[in-house]
Amino acid sequence: MNSYALVLAIPLAGTALMPLAYLGGKKLENLFANIVVFSTAGVALSLIPTIGKGEVTIMEWLPGLVTLTAFNDSLSIFLVLVAACIGALIALYSTEYMAEEKDLLRYWATFTLFVGGMIGLALTSNLLILYVFWEIVGLTSYALIGYYYTDPKGAKAGLKAFLTTRVGDVGLLVGVLALYFGTEPHTFNFFEIADAIAAGQVSSTVLAVAAFGMLVGAVGKSAQAPLHVWLADAMEAPTTISALIHAATMVNAGVYLMARTYPIFSGVPGWADTVLLVGAITAFLTGTLALVEPDLKRVLAYSTVSQLGYMFAAAGAGSILATQFHLINHAIFKALLFLCAGMVIHHVGSRNMYEMGGGVGREMKFTGTCYLIGTLSLCGIPILNGFWSKDLIIGATVEAGNMAGLVLLVLAAVLTVAYSFRAYYLVFCGERKGEHLHDPGIAVKIPLGILAVGALTSWLAVDFITGQGEASGLAIHGMNVGELIHHTISSVAVVYSLVAIGLGLLIYFAVKDTGRAIEKGSPGLFKLLRAGYGFDGFYLAIFHGVRDLGDTALAAIDKYVLEAGVNRGTASFFVGAGKAGRALHPGDVSYNVIGVVTGLLLVIAVMFLAV
Amino acid sequence: MASTLMGLTLLVPIVGAIAVIFVNSSRVRRFAGGVALVTTLLAIWLAVLQYGNPPIEVAWSWIGGLGIDFEFHLDGLASILMVAAAALSASAILFMPHEYKGQEVEQSSFYGWMLVFLAAMIGVALAANTIQFYLFWEALLIPSTAMLAFWGDLENRGKIALKYFVYTHVGAVLILLAILWVYSTTGVTDIYAFRETLASVDPSILRVLIWLFVLGFGFKLAMFPFHSWLPDTYEASPLPLAIAMAGGMMGCGIYGIIRFVFTPFPAEIVAELAFPIMILALITLYYGGIMAFAQKNLRRFLAYSSMSQMGYVLLGIGSAHGLGVGGATFHILNHGVAKVLMFMVVAVLIYRTGKNRLDELGGLATTMPVTALCATVGAFSLAGAPPFSGFHSEWMIFAGVYSTGHLAVAVLAIAGAVLSSAYALSFVRYAFFGHPKESLQDVKEVPLKILAPMLVLALVAVIVGVYPAPFFEWVTGALGPLHLGI
């Protein structure tokens, strides 16, 4: 078994064996799950030396049709590393965070299944298997959003997340099938498909269907507009899960797909621009929502969506490096922010920033410092990791010459600073008004510390990241730290970035709490933002509308047209007239027959219409 | 060897049905369950023998002087139906908890009828000629109508039994008409010679014949607009019968349409049919799905979900592509497993809470965690989500539909999976999640012997989903000789 099979097999076997650990009690569950996830991370690290341009075969899945093959380039391996390493840190953190739960079987079984699913998604070069893992991570996301299932909000949010992403998955599957049937001989293998496209064997119509289909799938998974509505609600999940699935890993799947397919789809007219604009619009749109959100986790969720928008824009601009770099940096600082927020929420007992009592930073100094580092990085303050990658993204947009995208992204950067500092101010600054708090234990401090150091320094790995990217044959040029600094300070993008930060800080110092300021200044706008521009309401109306359609119109067809054949009045006349043989009343039979005949006529009508 | 086994597979349930009369009524359920289990094991054994080999053929002289023989024929397609029908009917008989008081089914004749029902399904799978097929097809109808009329759960069960009889009988008559027409034009009754026979028949006759078959089997599959018997029947049926119908009888319908429509008719005739069938299939898929979504009654919910799932099957068949028909064939197994699992969950809910409606349930995951897990697996399988078995049939069907080049039909078909997810997961949500209702605080999880069949089915759904290779080869192997290789 090669290490590619192993890195996939360990977490999946862990899921299967978790019920045995359950029999040994909670301590054993924690221990076993951590062993599983840490050894997965270990194997994942051992994949680094194998990075190259090829493909690794793992197993035949559907004989003669689908073989599980894996990419070994840095685009895939780095995503595996993010999933496994951040997964390991969060697994450690969970031992303290989830300590009050009665048992953790469901939590750990889905946790490890998620890690395995995410690794499979990142690795596989077979599009059908990509779809399979894509759905598996969606399923674990559903299960973990509804982890606290007695809370109706959690159950509802899980369903909403699954259905919304499944709308996107329709597009993904259409795209996959388009490529399968568009190649000759038919194949799901990415390399074979890429070769066929390069050789001009795939028609432009097929390519367009595939490109936009997969874009819809990516939009669903990465919660981009207009399918962004599920991610904020997904915050009903335990905060560890919000950090792992809904910030650091799963939601990156869509970004990964765009970066992965950019080389084959970039020639499709309008595709790259659409990807860029979807990202830029989302980054701006959800940034505005975060300004007024009172719930700390939902603010972070909106900021995740907004940052994913940046990555989308980078992919659309064709900069694989900027996409990948920001994906890694964001995973680190956003996991950090969520894990800090989780501890705060855990201790103060509320997610609402106005009810937290403020001044948390004075009493949870370690947590507060880590959160501040995460915030600065999110805002793209030099020299934290978020600064470098965000700058690359803005630079790539400038190069792509997309003015609308550039303006939206710069405005989104302004908003990012405003809402991030607002959240920090509301939660951590000022005098403490609530009960006294204390910093968490060592199992939490270690992951927080590692991630905080990562947020400060991960950009120094640019040499490694670009070097591996170049070795993988991606469109990335090797670049050392000196070159990165030179590239950054000599580009026009850095001016936009710094102006954006300045404007954001100006807003912050002027009003501190943008939420209250907007509420006072423009109640109409406040209402619009709190309603999420009405997207949620619109989708909910469709959801209920479909059900009502079944309740009314179709039920009526069933009852009056098909079943009775003729109206009930006549039927009851016959039934009333012949009570004796009610059960076997001939009248009803004849109505049934009339119903059947009506049906037959309908079918014949369809036949003639269709032929 | 194989011929003896084949005879036994058919005879065991028939003899068992008669022997039931002599069994003490307190033991009759266990006895019938044992007979069904033995039948299932024989069927699996037979299927394993057949796997990868040429069809097994057997002929017994019945009324020698008149030249009427019983001819049986087992190929891959038939063995899929045989195993699915036997295993799922057996689980229906074995499943019902002993202390179940929903209806008084502890009567010899009920289980006798159940075994006849099982035997008829195996007969449908094994039949080698059209007359015999029709006999077994009608034999399906008699026990089910009887059970529905005598042991049904609703006051108006007699009326519903009659409706069921009329609807499915109209379908059977259309099939009979087609069978006789073929016989009168060509003199052929051998099902397995249909392909060669029909090649020489005038296309204008073939066009009528193929519609007779499609509509005939369409009744059984609850194809729109012939579906209205299904919700009533599921609602009124005694639960074991409903489970056997959902698992086995639906499979017979799928089998019939593949056997009689999509393999013997010349490709160009089938091609003409593809588009109209796919349109009917889409209507069936969405109509059933939306109705299932709106249903509060648990059993009617399952009925409409079956209808919707048959929409998938019809889509796959209508695509006339190897993957699509393969997916439809695979769905005999996968839909059967998922739907029987869901039916068992519903039966357990009715049994434990005494409630029939979804809006009277809520929060049961706390007190019934294992049932909740089974329901979730069943729901995801129905929704066609990996890593559960339903995914494989559905993606194959979608691929088949895509291959026809009707992009809009393909998109609508795939979007149907969103609807399936909506109704299946809404069921899980409203029954199991949220706060436990006041009246449901004392509900307890059912004992292991009731959970066992559910857990086995859930496990099957996971195994087929995760490691599909042998099952996939079974399906592709079954379709290979039918000129529908993938």
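This is a short selection-by-selection tour of a predicted model, from one helix to two loops and then a nonpolar core.

**Stop 1: helix H11 of chain A**

Select residues 253-265 of chain A, which form helix H11. Check its length to begin with. At 1.5 Å a residue, its 13 residues should span 18 Å. The end C-alpha atoms are 17 Å apart, which agrees.

Now look along the helix for a bend. Where is the kink in H11(A)? Centre on Ala259(A): a kink of about 25° lies there. The proline Pro263(A) follows shortly after the kink.

Next, show the surroundings. Of the 13 residues of H11(A), 12 are buried, so the helix is largely enclosed by the rest of the structure. The kink residue, Ala259(A), is among the buried ones. Others to label include Tyr256(A), Arg260(A), Tyr262(A) and Phe265(A).

**Stop 2: the H8-H9 loop of chain A**

Move to the loop between helix H8 (204-221) and helix H9 (229-233) of chain A, where Pro226(A) sits. Display the backbone. The peptide bond from Ala225(A) to Pro226(A) is cis, with omega near 5°.

Then pick Ala223(A), in this loop between H8 and H9. Its phi is near 55°, a positive value in a residue other than glycine. Is Ala223(A) buried or exposed? Ala223(A) has 29 C-beta neighbours inside 10 Å, and 20 or more are needed, so it counts as buried.

**Stop 3: the H8-H9 loop of chain B**

Switch chains. Pro225(B) lies in the loop between helix H8 (203-220) and helix H9 (229-236) of chain B. The bond to select runs from Phe224(B) to Pro225(B). This peptide bond is cis, with omega near 0°.

Ala222(B) is also found between H8 and H9 of chain B. Ala222(B) is not a glycine, yet its phi is positive, about 60°. With 28 other C-beta atoms within 10 Å, Ala222(B) is buried.

**Stop 4: the largest nonpolar core**

Finish with the core. Nonpolar side chains tend to be buried together in soluble globular proteins. Here the largest nonpolar core holds 434 residues. Which residues touch the most other members? Select Val80(A), Leu336(A) and Leu341(B). Helix H14 (residues 320-348) of chain A gives this core its largest share, 19 residues.

Zoom in on Leu341(B). Leaving out residues up to four places away in sequence, Leu341(B) touches Cys374(B), Val377(B) and Gly378(B), among others. Its contacts also include Met454(B), Leu457(B), Ala458(B) and Ala461(B).

Methods:
Residues numbered from 1 in each chain as written. Chains lettered and ligands numbered in written order. Predicted model: local features only at pLDDT ≥ 70, side-chain atom pairs only at ≥ 80, totals over all residues. Helix = DSSP H or I, 4+ residues; strand = E, 2+ residues; numbered from the N terminus. Expected span 1.5 Å × (residues − 1). Bend = angle between axes of the 7 residues up to and from the residue. Core = buried A, V, L, I, M, F, W, Y, C linked by C-beta atoms within 7 Å. Contact = placed C-beta atoms within 7 Å.
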